[in-house]
Each structure stands twice: as structure tokens, then as C-alpha cells.
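Please look over the model below with a first-year reader in mind. My notes follow it as numbered points.

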Amino acid sequence: MAQVLLGLHLTHPKDAICGYYRSRPILLSLGVALEDALGSAMGRAGGYSDGRDIGVVFNYPNARGASALPMCGGVGAQYTPTAGYAQAIEYHKNVLGDRAYDGAIGVVLGGDASVATNGFWAALTMATTLKLPMLFYVEDNGYGISTPSWLQTPGCNIAQNLASFNGLKIYDGDGTDPEEASYLIREAVSHTRAGRGPVLLHLTVPRLQGHSFQDTQAYKSKDVVEAEWARDPLPKLKAHVVPSLLSETDWAAFEASAQERVARAAQIADQRPVSEASQVTRFVFSEDGALQDEGGLWNGGYDAPRATDQARPEGARINMITAIRRTLDHELAVNPRVLVFGEDVGPKGACTV
Ligand SMILES: Cc1ncc(C[n+]2csc(CCOP(=O)(O)OP(=O)(O)O)c2C)c(N)n1
């Protein structure tokens, strides 16, 4: 529920998210077709991955709205690319003067265990130091597979631990309460969008099933499981809107239409051919004539001169440093989208970013 609420706020065409296997609801709310979501995980041809999906790990370039950056199943791998995207938003706005990026944000989704990774801390440092338009959305279900929070995070609450972190606005609450979650999500997105720096939004949620289909949750007591089901957001949402906004009949009609759409999508996905095993290595490296759909130099209108593999040894011999400098000078002069950044890559002691 909270992910769908978050998705509804990602209305800027240059917004981008990066999540992980738990992020299907937000992808559906951004416009991924149900048949693609089902078919990709069933190894069917077409869709966003041509059957390569290892379990709801998306790459969703979206011309109609917010996109999903290429995701990966490695926990923590989602954080620094999102910080990079947020940094690119700032570069487009402030260096290239591209007003299309005004108000855009980068959103990263993760779980309570993912905040123990290097990626989380590196991205947090980048986002707060550079005041990036980045939202850290953390769903805390108390477990990383079977490992409880107390073994991953001191005190079990990353939001409390980061309370004094400089440059970070924190929102913390119940992700299963429609009113509270909706308020916190709205506040968190508008804070980030207004250019007031990064935000951490920490929402507690139950994990209603095992981590994967093999996981019987034997490590949870009956009381824990019962307490988790008592927090199922769906009945809470129903209680919130029926009868104040919808009648019981309207709710039942919505439920029936959702079930029918899913059943139809499953049928469409099932009728698709199984993806071609011989194509599995396509796009591992860039392919001539098959450029990425979004982002990158080509889509930005930069037509690079064709590279050649013919050595041209004329001219004076130069050492490697000079060769690197000349190459950088050339690239930086001909293409404003080329950026050299990092520590100690410019004049000594210079604090340009
Ligand atoms: C780098 C890495 N280490 C370990 C794993 C195995 N793994 C998959 S999910 C997961 C737990 C993640 O838990 P959390 O971030 O709390 O998200 P949740 O699944 O609870 O939503 C682990 C350890 C992995 N995918 N990647």
C-alpha cells in the first residue's frame, strides 16, 4: 500500500526510482503492464526483460513518467546508482541549465537489512554532503530473510539512529496505516522535491509471507505471525475508505475487477512464447543499432564521431599522463555532458564540485 502511495507522488517525468525484488507494487503504479510483470518472472519472451527477470528486478525506461533505473538482486546495490542519478539531476539543472529537471527526484527503495550495506552508507554520505534531491524509502519488516533487525541495526530503528545526521530530514512511522503513511509519504516527497536536501522515510510494515517460496518462516513464533497478519494493510485500507468514501458494494466491485485484470494478464502472459535461450547474452555488452531507450549520450543528442581501431602513430611520442590529459581536454571541450568528478582529480585543494 505504501509503495503504491509513493508511486502516485512520482509525477515528474524525470523522477527515477531504484529498488529491488520487493518493489513490484511501485513499478505497477508507475505503469508496468500486469502481463509484463507476470510474464517476465515466468521466463516469457517480451516484456521489460525478455524473460530474464530473476524475481521482480526491473529495468523500466518510461517515456510517460518516472522510470526505474536498472535494478539488481544484490542487496544494497540500489543506493549509490540512485545517488548518482540525483547528482545527475543537479548537473542537468545547474550546469547544463536544463529546466526539464527542475523539481525531479531520485528515490531508492530498500529494506531494514539493506541499511547495513556499504552502498547505503556511501549513498547517505553523498546525498547529505552534496544536498542531493534523493529520497531513501526504507520498508522495515523486522527481518532480512530470517535474520532479525537486532542483529543488523543497533536498536532496530535506522531512523532513530540517524536522528542527528547532518543534512538529513527524517520521517518515521507506520506504513500500514493509510492516513499516517499517506501523510508521511506526501511530506517526504515534497521536502525532497522542494530542493531542501535528502530525506529518509522509514516505514514499518509486516512481511506477511516467507522471504521466498521455500521459506516456511519457522523462525517466527505463532504470536509474531499473528501480530503481522493483524497489520495487513489491505483490511486497514478497506476500513479507512468503507463506508466513509466507498460503499461495501463499490469496494467489492473494485476487488472483483482487480482479480479479473490479474487473471486476464496471467492468461496473456501464459500464452506468450518461452524466451529464446540463444538470446540470453544479448545486451550483456552494448550492441550496434540497439541503443538504450533512455539516458546516455546518444539520447541526449550527442553524436560521437565513430571510433576506429586503426592506430594512427603519426606525430610526436607523448607520455601517458599527457595522452590522458589531451583525451579529457578534447572530450570535455566537445561534449558538455562529460564530467570529471571525484577527489583529487582537479587542482590540488580545489573544492569545486
Ligand atoms: C549482497 C547480497 N547479500 C545477500 C543477499 C541475499 N539476500 C537476499 S534478500 C536479503 C535480505 C534483505 O532484507 P531487507 O533489506 O530487510 O528486505 P526485505 O526482503 O525484508 O524486504 C538477503 C540477505 C543478496 N541478495 N545480496
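The points below deal with one strand, its partners and the ligand.

1. This is a predicted model, in which local features need pLDDT of at least 70 and side-chain atom pairs count only at pLDDT 80 or more, while totals for chains, interfaces and linings use all residues. Residues are numbered from 1 along each chain as its sequence is written.

2. Strand β3 covers residues 106-111, and because 6 of its 6 residues are buried, β3 is largely enclosed by the rest of the structure. Here a residue is buried if 20 or more other C-beta atoms, placed from the backbone, lie within 10 Å of its own, and strands (E, at least two residues) and helices (H or I, at least four) are DSSP runs numbered from the N terminus.

3. In a regular strand, side chains alternate between the two faces of the sheet. On one side of β3, Gly106, Val108 and Gly110 are buried, and on the other side Val107, Leu109 and Gly111 are buried too.

4. Strand β1 (residues 16-18) pairs with β3 in the parallel sense over 3 bridges, where pairing requires that DSSP finds at least two bridges between two strands. Within this pair, Ala16 stands opposite Gly106.

5. Strand β4 (residues 134-140) runs parallel to β3 and is joined to it by 6 bridges, with Val107 opposite Leu135. From β3 the chain passes through helix α5 (residues 118-129) to β4 in a right-handed β-α-β crossover, meaning that, with the strands pointing away from the viewer, the path from the first strand over the helix to the second runs clockwise.

6. Both β3 and β5 (143-144) each supply at least two residues of the shell around the ligand.

Methods. A residue is buried if 20 or more other C-beta atoms lie within 10 Å of its own, exposed if 12 or fewer, and partly exposed in between; C-beta atoms are placed from the backbone.
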